[in-house]
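Got your viewer open? Load the model, switch to cartoon view and follow along, one selection at a time.

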Amino acid sequence: MAHICMLKAQLAQLRRQEIENQMKGAGGGGDGWDVKATGDARVGLIGFPSVGKSTLLTKMTGTHSEAAAYEFTTLTCIPGIIRYKGAKIQLLDLPGIIEGAKDGKGRGKRVIGTARTCSLILMVLDASKPVTHKKLLEKELHGFGIRLNQTRPNIYFKRHDKGGIQLHVQLPSAPTFITPELLRTILLEYKIHHAEITLRSDATVDELIDVIESTDKIGMLRVYIPCVYVCNMIDKISIEELDLLDRIPHYVPISARDEWNLDGMLETMWDHMNLLRIYTKPKGQIPDYNEPVVLPASKGPPSVEFFCNRIHKGLMKQFKYALVWGASAKHTPQRCGKDHVLEDEDVIQIVKKVG
């Protein structure tokens, strides 16, 4: 087992070094397209060429993206805007990627580099082609540090100048995968002799390597992004084949050309983005239900302080208390401090200090 862990650590380092060398050779062109982020969330369309990404962008946003019966119609990143449940969502039509994209083939590094900045990835698959395309795309994204539908490992890791390797376990039982011996073997591969590690979850060896590679700029920072698998062109397959596709987790079937189930796709997107709508209520007036403040719950507890900073960085200096109506309030209205955690469709009124 120790030998396998050592090989995994070596493989992770080799992958990272290969990507770094290729990015230097290409003049650093692996950062993606410089498309200004707008709205409350950013969604990227990822897929092989000619799977209907451009048609989907046009149908969803009204933004024209060239679509044709030949591959590589889209050669740059084309943005559009979706308005849904009061939220403004930026949708990016990215060029089709090919196998080996993470290694620089085609425009792969730029496509995946842009995908790393997204709140959600829509992986568009042609329902008439093998589902193995899904595995190939996942492999390309994984090689560039993107972890799909995974949560960040609850591991604390910090390098020290002395003190040796210190492993702390905060679990009800012994770790299943990581032992002190395996930990030392992995850290030695990175020439780390003094470090403190705290396991707060029963993490795997691969998850531990991800944390090490993401720390102290040892390697490429891992990003954890939700993903919805959009099986397009379901008009080309039978009901029996559609039933087989239904076994894929995080999946939604559509036909972009015929506009089938686009509403279902939007609802699935909303569920995966984990966004909260908070309505503001000026004193003596009714709440504004047309323009909610949208908070990404994935970026931390959606507290009153987080809400205030979302509106303006200086608002907390004037903050006295908040009145909250909704699911998070114990009574109506509840007088709350800055640490109160909000829930979807709460109504809030900020009371400022006088003078």
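Start by selecting Pro 249, which sits in the loop between helix 7 (239–245) and strand 11 (251–253). Keep in mind that this is a predicted model. Is Pro 249 buried or exposed? Its relative accessibility is 52%, and exposed means over 50%, so Pro 249 counts as exposed. Now add Asn 149 to the selection: it lies 100 residues away from Pro 249 along the chain, yet the two C-alpha atoms are separated by 10.0 Å.

From that loop, step on to strand 11. Strand 11 runs parallel to strand 10 (residues 227–232), and 3 bridges join the two. To see how they line up, show Tyr 229, which has Tyr 251 of strand 11 opposite it.

Next, zoom out to the whole sheet. In what order do the 6 strands of this open sheet come? Reading across, you get 2-3-1-4-10-11, with mixed pairing. Strand 2 (78–84) and strand 11 are the edges, each pairing on one side only. Going from one strand to the next, the twist averages 25 degrees.

Now pick strand 1 (residues 41–46). On one flank, strand 1 pairs in the parallel sense with strand 3 (residues 87–93) over 5 bridges; look for Arg 42 opposite Gln 90. Strand 1 also pairs with strand 4 (residues 120–126), again in the parallel sense, over 4 bridges. There, Val 43 has Leu 120 as its bridge partner.

Finally, turn on the side chains of strand 1. Ala 41, Val 43 and Leu 45 point one way, while Arg 42, Gly 44 and Ile 46 point the other. Whichever way they point, all of these residues are buried.

Conventions
Residues numbered from 1 in each chain as written. Predicted model: local features only at pLDDT ≥ 70, side-chain atom pairs only at ≥ 80, totals over all residues. Heavy atoms only, no water. Buried < 20%, exposed > 50% of the residue type's maximum accessible area, 1.4 Å probe, protein only. Pairing = 2+ DSSP bridges. Axes fitted to C-alpha atoms, helices over the stretch in contact; angles between N-to-C directions.
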